[in-house]
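Trainee: Can we go through this model together? I'd like to ask about it piece by piece.
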Amino acid sequence: MITLDRLVNVLAGSGTRLVAGVHAREAMLRSVVVHDATDRRPTTGDVFLAVGVEASAEAVRLAAQARARVVLVRAPAPLEPAVASAAADAGVAVVLVDPDVSWSHLTGLAYGLVLEGRETESGRGPTDLFALADTLAAALGGFSVVIEDQLSRVLAYSSSDEVVDAVRSQTILGRRMPDPVREVFAERGVFGHLAGSDEPLFVEPSPDHGFGGRMVVAVRAGRELLGSLWVETGTRFDDLRRGVLADGARTAALHLLRSRASADLERQVESDLVTRLLEGTGDPQAMISQLGLPAKGLRVVALQAHAEDEQHAGALLTFDHVTTGFGWSRPGRSALFANTVYTLLPAPDDAVDRARRWVGSVRAGLPPHVGLVAGIGGVADAPSLPASRREADECLALHAARPELPPVAYDESWDRIVLRRLRAVTAAGRVPDRGPVVDLRRHDHHHGTHYVPTLRAWLAAHGDIAGTAAALDVHPNTVRYRLRRMDSITHLATDHPDQRLAMIVALAAMDDDVD
């Protein structure tokens with residue numbers, strides 16, 4: 001089930017446009033029907049795909065017969081007034097399809113969104129996954145049931161009134177099995193059993209760790225482990241209950257596969273729109289609207305995660321985390337580029353702390369062994385997002401060099417970014433190889449003098465001899481002597497503001513790092 005508004009926004013990324021029925025965007029869509037001219041049987045559905053129908057008037061008539069709320073038709077724009085009036089009378093919204101878009105592509109999107117769009121807040125299980133947990137708990141005699149994914153994150157749980165142990169409560173409240181308990185189960189070989197067997201396993205209780213006995217079985221699709229199903233029980237199940245548990249695991253696998261297909265579909269559409277915004281292609285205002293984000297007051301946040309020796313696992317885990325849940329329940333929209341996750345994050349008050357708190361929530365949602373670094377770009381409107389992305393990349397590089405510090409934000413570190421850019425220019429050989437700073441550096445190298453540090457301190461002190469001497473911890477006469485010697489080696493032109501500025505820039509570009 002999905003709203004017409006959500007369907008229209010997602011399909012807009014595939015060359016469609018709502019031209020009639022804009023006032024019905026909150027209509028709920030529960031089914032899809034594809035027009036088949038060879039099938040004379042009456043069909044009904046909320047979304048009518050007018051495949052093979054060339055006239056918009058005929059498409060609206062067929063959609064009305066099918067009691068549809070919206071019709072997708074490949075017809076020229078604009079919609080004729082008579083057709084728009086007929087659509088309004090029938091309560092049918094009209095979406096025009098671009099001629100270059102295949103019906104098979106749109107059909108897959110529509111089915112994926114409408115039929116498989118029932119997600120929980122976790123984004124990985126339809127709402128009836130909770131119903132499955134309740135049904136399974138009842139079939140097993142009232143035992144508490146928890147369904148988890150392959151990373152021990154909670155997907156659904158039964159609403160049992162039975163007394164539950166501390167670990168189950170902590171698991172549900174924290175949305176994930178506590179790490180100390182995971183370690184105990186790993187030592188007992190529980191996860192090894194789940195990886196290689198479909199047979200239910202009884203886990204002995206451990207009062208010292210706060211949990212009673214439980215049965216667990218793998219939730220698997222073919223050879224792929226999708227998750228696990230846990231049932232609290234003080235004793236091993238008999239064959240009858242073991243069979244019920246195994247059947248429940250197979251049913252849960254079907255739910256998870258359908259949900260994953262839907263989530264992947266939405267991720268694909270979202271990621272494509274974000275990518276185009278960050279690359280500066282397409283209509284930024286239209287794409288921002290499709291993503292449900294404000295047109296201004298946005299930041300680009302760049303994330304990189306490292307999971308021990310696994311090269312891509314960290315990036316995939318991070319992307320999975322930031323794209324989990326309904327689009328409207330998440331503050332940002334994301335895309336994955338190689339090993340970097342980019343998120344467009346609303347920044348209504350321009351405050352950096354809001355973005356840092358979001359990065360902190362991402363870090364808290366990842367497994368403890370995953371390290372995360374982040375760069376926060378400056379505030380931008382939709383057309384300026386490519387610039388914010390470049391800023392986020394540069395801030396990310398700074399944070400990667402000092403990951404123990406808070407995430408770097410462009411607003412606070414623009415000076416360090418400018419100096420990094422200067423160093424990049426220097427490394428590319430795009431600065432003059434002659435001039436006062438180069439001459440003094442060469443002299444220091446060959447004669448062991450300290451003229452470059454003296455020049456830097458003198459410029460920083462705005463030409464004040466006493467301040468320069470204090471910074472260098474030398475006598476003021478020493479500074480005066482060095483300046484005279486430096487002027488004899490190369491013309492400093494200290495009375496020209498532009499040349500003083502150029503020397504400051506050249507000195508900054510020579511530094512190896514920025515504090």
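Trainee: Where is glycine 174?
Mentor: Glycine 174 is in helix H6, residues 166-174. Helices are DSSP runs of H or I with at least four residues, strands are runs of E with at least two, and both are numbered from the N terminus. This is a predicted model, where local features need pLDDT of at least 70 and side-chain atom pairs count only at pLDDT 80 or more, while totals for chains, interfaces and linings use all residues. Residues are numbered from 1 along each chain as its sequence is written, and side-chain values use heavy atoms, with hydrogens and water left out.

Trainee: Is glycine 174 buried, exposed or partly exposed?
Mentor: Glycine 174 is partly exposed, at a relative accessible area of 49%. Buried means under 20% relative accessible area, exposed means over 50%, and partly exposed is in between, with a 1.4 Å probe and protein chains only.

Trainee: How far is glycine 174 from glycine 365 in space?
Mentor: Their C-alpha atoms are 9.8 Å apart, with the two positions 191 residues apart in sequence numbering.

Trainee: OK, on to H12. How long is helix H12?
Mentor: H12 covers residues 352-365, which is 14 residues. From first C-alpha to last, H12 reaches 20 Å, close to the 20 Å expected at 1.5 Å a residue. The expected span is 1.5 Å times one less than the number of residues.

Trainee: Which residues of H12 are buried?
Mentor: Val352, Ala355, Arg356, Trp358, Val359 and Val362. Seen down the axis of H12, these buried residues fall within an arc of 160°, so they line one face of the helix. The arc is taken from the directions from the helix axis to the C-beta atoms.

Trainee: And what does the face turned away from the buried side carry?
Mentor: The exposed residues Arg357 and Ala364 are on that face of H12. Arginine 357 has 56% relative accessibility. The C-alpha atoms of arginine 357 and proline 407 are 10.0 Å apart in space, and the two are 50 residues apart in sequence.

Trainee: What about H2, which residues are buried there?
Mentor: In helix H2, residues 56-65, the buried ones are Ser56, Ala59, Val60, Leu62 and Ala63. They cover an arc of only 165° around the axis, which puts them on the same side of H2.

Trainee: What covers the buried residues of H2?
Mentor: The cover includes strand S5 (47-49), strand S6 (70-73), helix H3 (81-90) and strand S7 (93-97).

Trainee: What phi does arginine 67 take, just after H2?
Mentor: Arginine 67 has a positive phi of about 60° although it is not a glycine. Most residues other than glycine have a negative phi. Arginine 67 is in the loop between H2 and S6, and is exposed at a relative accessible area of 67%.

Trainee: Where is serine 152, and is it buried or exposed?
Mentor: Serine 152 is in the loop between strand S8 (145-149) and strand S9 (154-157). Serine 152 counts as buried, at 2% relative accessibility. Serine 152 has a positive phi of about 65°, although it is not a glycine.

Trainee: Different serine. What does the side chain of serine 388 reach?
Mentor: The side chain of serine 388 reaches the backbone nitrogen of valine 300 at 3.2 Å and the backbone oxygen of glycine 378 at 2.8 Å. Serine 388 is in helix H13, residues 385-401, and is buried, with a relative accessible area of 1%.

Trainee: Which residues is serine 388 in contact with?
Mentor: Leaving aside neighbours within four places in sequence, serine 388 is in contact with Arg299, Val300, Gly377, Gly378 and Ala380. Contact means heavy atoms within 4.5 Å.

Trainee: Now the interior. Which residues touch the most other members in the largest nonpolar core?
Mentor: Val47, Val70, Leu72, Leu278, Leu344 and Leu385, out of 44 residues in that core. A nonpolar core is a set of buried Ala, Val, Leu, Ile, Met, Phe, Trp, Tyr and Cys residues joined through side-chain atoms within 4.5 Å. Apart from that core lies another, of 23 residues, among them Leu136, Ala156, Val219 and Leu245.

Trainee: And how much of the whole protein chain counts as buried?
Mentor: 46% of its 515 residues. The secondary structure of the protein chain comes to 19 helices and 17 strands.

Definitions and conventions: Polar contact = N/O pair within 3.5 Å; in protein donor to acceptor, adjacent residues only side chain to side chain.
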